[in-house]
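The following paragraphs guide the reader through a protein and the ligands bound to it. Please keep the sequence and the model in view while reading.

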Amino acid sequence: MTEKTYHVYTADETKRLAEKIAKLLRRNDCLTLSGDLGAGKTTFTKGLGIGLGVKRTINSPTFTIVKVYQGEKPLYHIDAYRLEDEEEDIGFDDYFYGDGVTVVEWPQFIQSFLPKERLDIVIKKIDDSDERLITLKAIGKYFDYVIKEIPHV
Ligand code: ADP
Ligand code: MG
């Protein structure tokens, strides 16, 4: 299991890191994003979108659980926040095993549905600043490789 932590200083830096990761992703790859409200999970997802060639603006879905963005590969953006304490499978496999890349905010609420192999990302805010610690944890060989291949931000 490979783990790597990045210290970033701006929202743009977070997006650039995500964009570089996106370039290494294949169909059916899954990323999870954990961290408090306002940590930067959706900001990271915007960077993924740029890397995947998504043209539409990515934002936090307010009432939607899943948003689909078309790019060179589709990006499935799942925000599981509203699924707290629910056990229901709303067809997650259509996304995880669909044509694109899936990113999950608040993955702890759909733990039992997540693919076994994935890249788990934790974003931690430092004080009240724009600084963040972004920790990548690879579960599975391919994501070990992804972490090793990320070029310098
Ligand atoms: P979350 O999805 O985790 O609730 P958002 O991405 O919606 O968080 O919001 C994060 C906010 O913090 C945005 O307004 C973003 O511009 C700001 N921000 C400031 N610095 C950073 C950083 N280094 N990384 C990510 N977001 C940052
Ligand atoms: Mg969000």
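In this predicted model, helix α2 contributes three residues to the shell around ligand 1, the largest share of that shell. Helix α2 spans residues 41-51. Along with α2, helix α1 (11-22) supplies at least two residues of the shell.

The surroundings of ligand 1 comprise 15 residues, of which Thr14, Gly38, Lys41, Thr43 and Asp130 come nearest. By character, the shell divides into six polar, five charged and four nonpolar residues.

Several polar atoms of the protein can be located beside ligand 1. A polar backbone atom of Ala39 is 3.3 Å from an oxygen atom of the ligand. In the side chain of Glu105, an N or O atom lies 3.3 Å from an oxygen atom of ligand 1. Arg132 likewise places a polar side-chain atom 3.3 Å from an oxygen atom of this ligand. On its own, ligand 1 has 560 Å² of accessible area, and the protein covers 74% of it.

Glu105 leads on to the second ligand, a magnesium ion, for which it is a protein donor through OE. The other protein donor is Thr42, through OG1, and the donors lie 2.2 to 2.3 Å from the ion. This pair joins distant parts of the chain: Thr42 belongs to helix α2, whereas Glu105 belongs to strand β5 (residues 101-105), 63 residues apart.

Are these two donors buried or exposed? Thr42 counts as buried because its relative accessibility is 12%, under the cut-off of 20%. Glu105 also counts as buried, since its relative accessibility is 3%.

Definitions and conventions: Residues are numbered from 1 along each chain as its sequence is written. Chains are lettered from A and ligands numbered from 1 in the order in which they are written. This is a predicted model: local features need pLDDT of at least 70, side-chain atom pairs count only at pLDDT 80 or more; totals for chains, interfaces and linings use all residues. Side-chain values use heavy atoms; hydrogens and water are left out. Donors are N, O and S atoms within 2.8 Å of the metal (3.2 Å for Na, K and Ca); water is not among the atoms, so sites may look incomplete. Helices (H or I, at least four residues) and strands (E, at least two) are DSSP runs, numbered from the N terminus. Buried means under 20% relative accessible area, exposed over 50%, partly exposed in between (1.4 Å probe, protein chains only). A residue is near a molecule or strand if one of its heavy atoms lies within 4 Å of it. A polar contact is a pair of N or O atoms within 3.5 Å; within protein, one must be able to donate a hydrogen and the other to accept it, and residues adjacent in sequence count only if both atoms are side-chain atoms. Accessible areas come from the Shrake-Rupley method with a 1.4 Å probe; for residues, only the protein chains shown count as cover. Ala, Val, Leu, Ile, Met, Phe, Trp, Tyr, Cys and Pro count as nonpolar, Asp, Glu, Lys and Arg as charged, and the others, Gly among them, as polar.
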